[in-house]
Amino acid sequence: MTIVAVEHLSFRYNSVEVLSDISFDVTAGDYVGLVGPNGSGKTTAIKVILGLIKQTKGMVSLFGTKTNDFRDWRRIGYLPQKHTHFNPHFPATVREIVSSGLFSTKKFPKRMQRSDEASIDEAMKLTDVADIRHKLIGELSGGQQQRVLVARAIVNRPELLILDEPTTALDPEAREKFFQTLMGLNHNRNVTIILITHDIASIGKYASKLLYLDKQIIFYGSFEDFCVSDNMTNYFGEFTQHLICHRHD
Ligand code: ADP
């Protein structure tokens, strides 16, 4: 099943072209690492896919419906780039933050049902924050806060999860753990994932596909194909290609 379809998409900010004729499909169960230099259009592509900004040319659809006509936003979890830095005294516990993801799509009155409780518990368990559920969000480390925000993004059990640079604030150990959490969601819950990341040296260990963007698509496919592609050796040079391929099995 095609979850995201992008066809001949172009985007301009005023007169500056940021995305140039890009086409790709994301299929159910994919874990796509979206990589590219700063300013290469990654965030813009995601915003167009989610209908937050409108393309200049081309077509984008979600679950087979054009983004413009798509209404079933519960099927999608999105963690944008800039996340809140919580004040240490911010008066909300981990559990309350996770629950707020549930309410954001609910109509008033906001009454919690037993199935909601189960979804909250499950989201906290999957992201490994159940043990700290009664702590204040501001007391946690950056890695823990980030996992809480993912729990909030998955509490509606989305089929597609899109994350924009979620690991920049994390130390290498927390980052690995975070990538593993996402891999668990992908493997165990079949959540389709698109992850924008700078971490080209690690992403190949976890993601199933690489989308390398630089205003246009430089590469889209499996890491296996990327690693043996002569075109990519020519484009990146052997060293960088190897760095992206590198797998610590
Ligand atoms: P990436 O996520 O790959 O770093 P972006 O999609 O954020 O790249 O940005 C792509 C290009 O578009 C950059 O050159 C950036 O400066 C420009 N850009 C981003 N947002 C705006 C905006 N609101 N107005 C004008 N230009 C923008």
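A search of the whole predicted model turns up 9 aromatic pairs. One of them joins F11 and Y13, and it is edge-to-face, with 4.8 Å from centre to centre and 80 degrees between the planes. The two partners sit in rather unlike surroundings: F11 counts as buried, at 5% relative accessibility, whereas Y13 comes out at 38% and so counts as partly exposed, the buried class ending at 20%.

The rings of F63 and F70 give another pair, and here the planes are at 15 degrees with the centres 5.8 Å apart, so this one is stacked. The cut-off for that label is an angle under 30 degrees, so 15 degrees falls inside it. Both F63 and F70 are buried. The ring of F63 also has a charged neighbour, since the charged end of R75 sits over it, 4.0 Å from the ring centre. F63 thus turns up twice in this account, once stacked with F70 and once under the charged end of R75. Elsewhere in the chain, five aromatic residues go together: Y212, F219, F226, Y235 and F236 make up one cluster.

Y13 leads on to the ligand, as Y13 is one of the residues around it. The rest of that shell consists of V18 and the run P37, N38, G39, S40, G41, K42, T43 and T44. Sorted by class, the shell has 6 polar, 3 nonpolar and 1 charged residues. Helix α1, which spans residues 42-49, supplies the largest share, with 3 residues.

Several polar atoms come close enough to the ligand to give distances worth listing. On the Y13 side, a polar side-chain atom lies 3.4 Å from a ligand nitrogen. G41 takes part through its backbone, where an N or O atom is 3.0 Å from an oxygen of the ligand. K42 uses its side chain instead, with an N or O atom there placed 2.9 Å from a ligand oxygen. Taken on its own, the ligand has 570 Å² of accessible area, and the protein covers 54% of that.

What about helix α1 itself, and how many of its residues are buried? The helix is mostly covered, with 6 of its 8 residues in the buried class. These are K42, T44, A45, I46, V48 and I49. K42 and T44 are therefore both buried, given that each falls under the 20% limit, and both also belong to the shell around the ligand. Just after α1, the backbone at G51 takes a positive phi of about 75 degrees.

A little further on is Q55, in the loop between α1 and β4 (57-62). Q55 has a relative accessible area of 18%, which means that this loop residue still counts as buried. Its side chain reaches the backbone oxygen of G58 at 3.1 Å.

A buried arginine rounds off the picture. R147 lies in helix α4, residues 142-154, and has a relative accessible area of 9%, so R147 counts as buried. Its C-alpha is 7.5 Å from that of D128, although R147 and D128 are 19 residues apart in sequence.

Note on methods: Residues are numbered from 1 along each chain as its sequence is written. This is a predicted model: local features need pLDDT of at least 70, side-chain atom pairs count only at pLDDT 80 or more; totals for chains, interfaces and linings use all residues. Side-chain values use heavy atoms; hydrogens and water are left out. A residue is near a molecule or strand if one of its heavy atoms lies within 4 Å of it. A polar contact is a pair of N or O atoms within 3.5 Å; within protein, one must be able to donate a hydrogen and the other to accept it, and residues adjacent in sequence count only if both atoms are side-chain atoms. Accessible areas come from the Shrake-Rupley method with a 1.4 Å probe; for residues, only the protein chains shown count as cover. Helices (H or I, at least four residues) and strands (E, at least two) are DSSP runs, numbered from the N terminus. Ala, Val, Leu, Ile, Met, Phe, Trp, Tyr, Cys and Pro count as nonpolar, Asp, Glu, Lys and Arg as charged, and the others, Gly among them, as polar. Rings of Phe, Tyr and Trp (its six-membered ring) pair if their centres lie within 6.5 Å; planes under 30 degrees apart count as stacked, over 60 as edge-to-face and the rest as tilted. Buried means under 20% relative accessible area, exposed over 50%, partly exposed in between (1.4 Å probe, protein chains only). A charge sits over a ring if NZ of Lys or CZ of Arg is within 6 Å of the ring centre and within 35 degrees of the ring normal.
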